[in-house]
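Reader: Hi! I'm new to reading protein structures, and I'd like to look closely at one part. Please show me how charged side chains pair up here, and then what lies around them.

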Amino acid sequence: MVELPGVDPSWSAYLDVPSTADVDPAGTINRWHYLDNLASITGDLRGTLLCVHGNPTWSYLWRSLLAAGAQHGWRVIAVDQLEMGYSERTGRKRRLADRVRDLEDFVSAVGLSGPLVTVGHDWGGVVSLGFADRNRANLTAVVLTNTAIHQDPGSPIPAPLRLALSGAVHRVGTSTTTAFLDTTLALARPRLTREVRAAYRLPYRTAARRRGIEQFVADIPVGPGHPSQAELNRIADSIRTLDVPVFLLWGPADPIFSDTYLDDLAERLPQADIHRFEGASHLVAEDRDIASPIFDWLDHRTENDDDGRPARPSAAFTPLWQQIHERSSGPAADMLAVADMGSDGAVADSLSWKELEDRVSRLAAGLSRIGVRAGSRVSLMVPPGIELTTLIYACLRLGAVIVVADAGLGVKGLSRAVRGTVPDFLIGIERALVAGRLFGWPGTRISVGAAPRARLLGVRHRLEDLLAGHSSYAGEDPAPDTDAAILFTSGSTGPAKGVVYTHRQLSAMRDTLSATLNLAPGSALVAGFAPFALLGPALGAASVTPDMDVTAPRTLTARALADAAAAIDATTVFASPAALRNVLATASGIAPGRKDALQRVSVLLSAGAPIPVNLLEQLQPLVPGAALHTPYGMTEALPVTDIQLEDIREALDSSVTGAGNGVCVGRAVPGAEISISALDPKGTATGVPAALPGVTGEILVRAPHVKDRYHRLWITERASSRTAGWHRTGDVGHLDADGRLWVEGRLAHVITSADGVLTPVGPEQSIEQLKEVRQAAVVGVGPTGTQAVVAAVVPVDAADQAGLASGPLSAMVRDVVRPGGVRLAAVLTLSALPTDIRHNAKIDRTAVAAWAGDALQGRGRKRP
């Protein structure tokens, strides 16, 4: 074999193997080519990875595992299946059962014994599973990348395979030409280099050498009569009893093997750890580094018996719907529980506690009748309000797992979230059902409200029909530690992540909020921030959703807020900073007589991002009797800390050690603990938790209401929990001597210049004190360790332009940060900073840094 990029020539080997496959005559010996890193291993041998490629690749696919395996003490053998790569062309049509026997023959001839880990991709994944199933004695673990073990008879096979199998295309596309090979290589994200593409093509230079590609495609079972269907069924059924660790690594952008096939494998192999590489496609081993996580996973799974999740404080458990049940039969039965506001300032719809309990119970019974069960994933595409509240509590009562991904993620982010969770049911308004049809979202369709195009949209059931039954749900409550919800992050620091909560953890979140804000049953709240519209009934609080688009916080007006507060005599208001800014901007529009309703509010809480002191100061006259709270939290743990305006003032005036530099978010809420993992000179968190004042580092959190795990993101979960017992937030900050937490930015946004490590929030706050500046972002441009510190500012009189700041503005910005030891390499201006869609508040400093780098080099985009 010629020298190839990424391959040590010493790895290449040939072996003559006696065949026992049915397709070969007795006494047949076939020549195999394979790659083997055994000679590169210098220490103790821990075991062997047996890697099997699919179609139309060859052992070259696994070169990164061969290179990394030697460093970790693992022998890696990557075979070329017969008729493929540099192995022999036998001229005989090999079926799935033959290929499983072929692999057994090869392993026997090489003399492999345990510990043995099988690794497979594409059709090689099926072959490797067939081998693993039949050879369990020495099997230690199973690793799979994009593959499929079962095809739903009611669904068509993927379109690219249908095309390749069609009579007019099959031979021409697979062997006569290189079309199938070229198309597969073109799936790589990012595009393969010319040298790597050439390496993949080398063994397939002639039509005769591509006959194996043609035969592999022909061996895909397309119906019960196919020669390989029985063997595929046998393997698919038998692997359910595999009792070894399994790791599934997936490229969800694969047009062939979608998340539906991943979901099927996860159901058959429930012990599997899963990681989806967002944006990766079919050739996931080319698209992403899979070697590092595989060997990290093997270290973890072969040395530990636990599941790797951090130890967490225990929490008492009362079901989330307990208050609904209790208040429905007591003195509060006929009192208001939930309400929706109309555009005219009046209540459009409402339910009492008794009506809410009845509706939840009847809907749970209706959902049960159509097959919603404990563990079913139900994607809810319904705006916050009575319908969504009822659906959530009905699903939770059944033990179904609710999937909450809102339109605030944007179209692409929302579609990624839904497809990645592979819901069994999708319940939505017509607009959501149209999107589901357009983007191919999975799940049985249930319509909410009018859906005139129901048949076209694939609607199977209507919400009103499910509620029409008179029976109540009488099933068993779900166990406290089973999954209850998958909630998605805002996507402000990368693709939105699904965060899994159990019933116990959701209940702990409710209890923490109640204790933090003194929200007792009988409170009344205005939910201008979607998550709290759902927790209101759990707290026993009457809840109203104001007239606004909850996916666009800036649509909340002061008039709508006052109308909602008046409707329920609100004691509490929840809203995001962007919503509250618009409330201030529209304060003159409050209807006569409605100001009194806001003056009766006793608690105002702003969630989604820390709220600046000046905004709190401006809000206070609007709600003069309210304690203004701004908690710190995240989708993974809400809340973590809490602080009121008076405490912020005290902290800013304080001279205690460690005060200043960042946003003060207060002390830990009841039941939560906070530690700091100090940063080293490279800006990396050490991982050691400590609570020393004035030390900047990654913020670590421990609490009963911290999430259970990330959904199908094993690598991300491993990183977030690698400090035992703590959730690593990815935020940076410090504690002051009085135990208050100051947030200084995101770990990914830490700047490492020649002057040392710099966090962005402190200098940004200094710049934003200038009356000429509306907003600022401080970023690092260039290589780690020698980054240039750049300030991007939005002037008060910002025009629709971007570039270098004027001399006077640049001088003012440089002067204001200089006392803090910050030396700016440049000051740039732009008309707006990029923020997340959901909160309209979290600055995407990564995008700003990329834009600033281009701008300073005189190229690129007008704005980030």
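Author: Let's start with Glu-617, which counts as partly exposed because its relative accessibility is 33%. Keep in mind that this is a predicted model. Glu-617 has a partner: Arg-649 forms a salt bridge with it, and the closest N and O atoms are 2.7 Å apart. The two residues come from distant parts of the chain, as Glu-617 sits in helix H24 (residues 613-619), Arg-649 sits in helix H25 (residues 645-653), and 32 residues separate them. Arg-649 is also partly exposed, with a relative accessible area of 33%.

It helps to place this pair on the map of the protein. The chain is divided into domain 1 (9-153 + 226-303), domain 2 (322-631), domain 3 (648-705 + 720-748) and domain 4 (751-855). By those bounds, Glu-617 belongs to domain 2 and Arg-649 to domain 3.

Why can such pairs form at all? Side chains of opposite charge can pair when their charged atoms come close. In the whole structure, a search finds 51 salt bridges. Let's visit two more of them.

The side chains of Arg-63 and Glu-286 meet in a salt bridge, at 2.7 Å from N to O. Arg-63 lies in helix H1 (residues 63-72) and Glu-286 in helix H11 (residues 284-287), so this pair ties together parts that are 223 residues apart in sequence. Both ends fall under the 20% cut-off for a buried residue: Arg-63 is buried at 12% relative accessibility, and Glu-286 is buried at 17%.

The next pair joins two loops. Arg-95 forms a salt bridge with Asp-219, and their closest N and O atoms are 3.3 Å apart. Arg-95 is in the loop between strand S4 (74-79) and helix H2 (96-110), while Asp-219 is in the loop between helix H8 (211-218) and helix H9 (229-238), so the pair ties together parts that are 124 residues apart in sequence. Here Arg-95 counts as partly exposed, at 22% relative accessibility, whereas Asp-219 is buried, with a relative accessible area of 1%.

Salt bridges can also be joined into a network, and you can find one by looking for Asp-24, Glu-83, Arg-92, Arg-94 and Asp-102, which are linked in this way.

Now let's return to domain 2 and look at Asp-563, which lies in helix H21 (residues 558-568). Asp-563 is buried, since its relative accessible area is 8%. A polar contact of 2.9 Å joins its side chain to that of Arg-594. Setting aside residues up to four places away in sequence, Asp-563 touches Met-341, Gly-345 and Arg-594.

Thr-586 is another residue to find, in the loop between helix H22 (577-585) and helix H23 (595-599). Thr-586 is partly exposed, with a relative accessible area of 23%. Not counting residues up to four places away in sequence, Thr-586 touches Thr-557 and Ala-558. With Ala-558, a polar atom of the Thr-586 side chain lies 2.9 Å from the backbone nitrogen.

Finally, follow Arg-649's domain, domain 3, to its meeting with domain 4. The C-alpha centres of these two domains lie 23 Å apart, and 14 residues of domain 3 are in contact with nine residues of domain 4. Together the two domains bury about 700 Å² between them, with 58% of it on carbon and sulfur atoms. On the domain 3 side, Asn-661, Gly-662 and Glu-744 lose the most area to domain 4, together 40% of what that side buries.

After so many salt bridges, you may be curious about this boundary: the count between domain 3 and domain 4 is zero salt bridges. There are, however, three residue pairs in polar contact between them. Strand S31 (residues 741-746) gives the largest share of the domain 3 side, with four residues. The residues on that side divide into five nonpolar, five polar and four charged.

Technical notes
Residues are numbered from 1 along each chain as its sequence is written. This is a predicted model: local features need pLDDT of at least 70, side-chain atom pairs count only at pLDDT 80 or more; totals for chains, interfaces and linings use all residues. Side-chain values use heavy atoms; hydrogens and water are left out. Domain bounds come from an automatic or database domain assignment. Contact means heavy atoms within 4.5 Å. Buried area is the accessible area (1.4 Å probe) that two parts lose on being put together, summed over both. A salt bridge is a side-chain nitrogen of Lys or Arg within 4 Å of a carboxyl oxygen of Asp or Glu. A polar contact is a pair of N or O atoms within 3.5 Å; within protein, one must be able to donate a hydrogen and the other to accept it, and residues adjacent in sequence count only if both atoms are side-chain atoms. Ala, Val, Leu, Ile, Met, Phe, Trp, Tyr, Cys and Pro count as nonpolar, Asp, Glu, Lys and Arg as charged, and the others, Gly among them, as polar. Buried means under 20% relative accessible area, exposed over 50%, partly exposed in between (1.4 Å probe, protein chains only).
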